[in-house]
Amino acid sequence: MADPTDVFEKDVGVWDAESEIRPGPGAAPIRLQGVSTNRRIGGGRWLVVDYVADGGFEGHGIYGFDGDKHKYTGVWVDSTRTSIASSEGTWDAATRTMTFVTESLHGGRTIRCREITETVADGTQIYRNLVPTPDGGEFELIRIVYRRRG
């Protein structure tokens, strides 16, 4: 069986990012440009993500595979939060899609979202952050298109 952390090799490198953030349904998107620098540590076991965008936004994530839970796992901190976001996810090799369910605290309330990253044929990655809506649906809060440099 292949090492489940091998899936992160496709993520290594420097990526230019075009972000669209929608503060709410019907709201005009906020567009930002950013750069994500991704590397593996711990013998390739962990992917470290350093992200910087226009306006001073910074984020840092660490992702890997939890052998006890048999799930992908991650943590994320950034300049807009005061708590750590924790994620558990799955990789779908057929669709080249990583899906994480992420939880974090905001104002003492637990917020849960889905984060989906699809790697398309040319290597471009499309990230989507989906938050639940009161009617049981989902709202795409963030969409980022990553293109590898060089």
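The legends below describe close-up views of a predicted model.

**View 1. Pairing of strands S1, S2 and S3.** Strand S1, residues 13-21, pairs with strand S2, residues 30-41, in the antiparallel sense, and nine bridges connect the two. Within this pairing, Ala-17 of S1 has Gly-34 of S2 opposite. On to strand S3 (residues 46-53), S2 is joined by eight bridges, again in an antiparallel run. Arg-40 stands opposite Leu-47 of S3. S2 and S3 make a hairpin with four residues between the strands, and Gly-42 in the turn has a positive phi of about 65°.

**View 2. Pairing of strands S3, S4 and S5.** Six bridges hold S3 and S4 in an antiparallel pair. Here Val-48 is set opposite Ile-62 in S4. The hairpin of S3 and S4 has four residues between its strands, among them Gly-55, with a positive phi near 80°. S4 is in turn joined to S5 over eight bridges, and these two strands run antiparallel. Tyr-63 has Gly-74 in S5 as its bridge partner. The S4 and S5 strands also form a hairpin with four residues between them, and His-70 lies in its turn.

**View 3. Surroundings of Val-48.** Val-48 belongs to strand S3. The relative accessible area of Val-48 is 3%, which makes the residue buried; the cut-off for buried is under 20%. Val-12 lies 36 residues from Val-48 in sequence, and the C-alpha to C-alpha separation of the two is 8.9 Å. Across the strand pair, the residue opposite Val-48 is Ile-62 in S4.

**View 4. Two non-glycine residues with positive phi.** His-70 is not a glycine, yet its phi is positive, at about 55°. His-70 sits in the loop between S4 and S5. With a relative accessible area of 60%, His-70 counts as exposed. Arg-96, also a residue other than glycine, has a positive phi near 50°. Arg-96 is placed in the loop between strand S6 (85-92) and S7. The relative accessible area of Arg-96 is 36%, so this residue is partly exposed.

**View 5. The aromatic pair of Tyr-51 and Tyr-146.** Five aromatic pairs are present in the structure. In one of them, the ring centres of Tyr-51 and Tyr-146 are 6.4 Å apart and the ring planes meet at 75°, so the pair is edge-to-face; the angle required for that class is over 60 degrees. Tyr-51 comes from strand S3 and Tyr-146 from strand S10 (residues 138-148), and the pair links distant parts of the chain, 95 residues apart. Tyr-51 and Tyr-146 are both buried.

**View 6. The aromatic pair of Tyr-63 and Phe-100, with a separate cluster.** The ring centres of Tyr-63 and Phe-100 lie 5.5 Å apart with planes at 45°, so this pair is tilted. Tyr-63 is in strand S4 (residues 58-66) and Phe-100 in strand S7 (residues 97-106), so the contact ties together parts 37 residues apart in sequence. Tyr-63 is buried, as is Phe-100. One aromatic cluster is made up of Phe-8, Phe-65 and Tyr-72.

**View 7. The largest nonpolar core.** This core holds 17 residues, and the most contacts inside it are made by Phe-8, Tyr-51, Tyr-63 and Tyr-146. Two or more residues each come from S1, S3, strand S5 (71-78), S7 and S10. Strand S3 contributes the most, with four residues. Of the residues with the most contacts, Tyr-51 and Tyr-146 also form the edge-to-face pair of View 5. Phe-8, another of these residues, is a member of the aromatic cluster with Phe-65 and Tyr-72.

**View 8. The largest pocket.** The volume of the largest pocket is about 1,200 Å³. Its lining has 45 residues, and Trp-76, Glu-115, Tyr-127, Asn-129 and Ile-142 are the closest to the pocket centre. Strand S8, residues 109-119, supplies the largest share of the lining, eight residues. By residue class, the lining consists of 24 nonpolar, 14 polar and seven charged residues.

Key. Residues are numbered from 1 along each chain as its sequence is written. This is a predicted model: local features need pLDDT of at least 70, side-chain atom pairs count only at pLDDT 80 or more; totals for chains, interfaces and linings use all residues. Side-chain values use heavy atoms; hydrogens and water are left out. Two strands pair if DSSP finds at least two bridges between them. Rings of Phe, Tyr and Trp (its six-membered ring) pair if their centres lie within 6.5 Å; planes under 30 degrees apart count as stacked, over 60 as edge-to-face and the rest as tilted. Buried means under 20% relative accessible area, exposed over 50%, partly exposed in between (1.4 Å probe, protein chains only). On a 1 Å grid over the protein atoms alone, a cavity is a set of points where a 1.4 Å probe fits but cannot get out, and a pocket is an open set with protein on both sides within 12 Å along at least five of seven lines; lining residues have an atom within 4 Å of a point. Grid points are joined across faces, edges and corners, and a volume is the space filled by probe spheres set on the points. Ala, Val, Leu, Ile, Met, Phe, Trp, Tyr, Cys and Pro count as nonpolar, Asp, Glu, Lys and Arg as charged, and the others, Gly among them, as polar. A nonpolar core is a set of buried Ala, Val, Leu, Ile, Met, Phe, Trp, Tyr and Cys residues joined through side-chain atoms within 4.5 Å.
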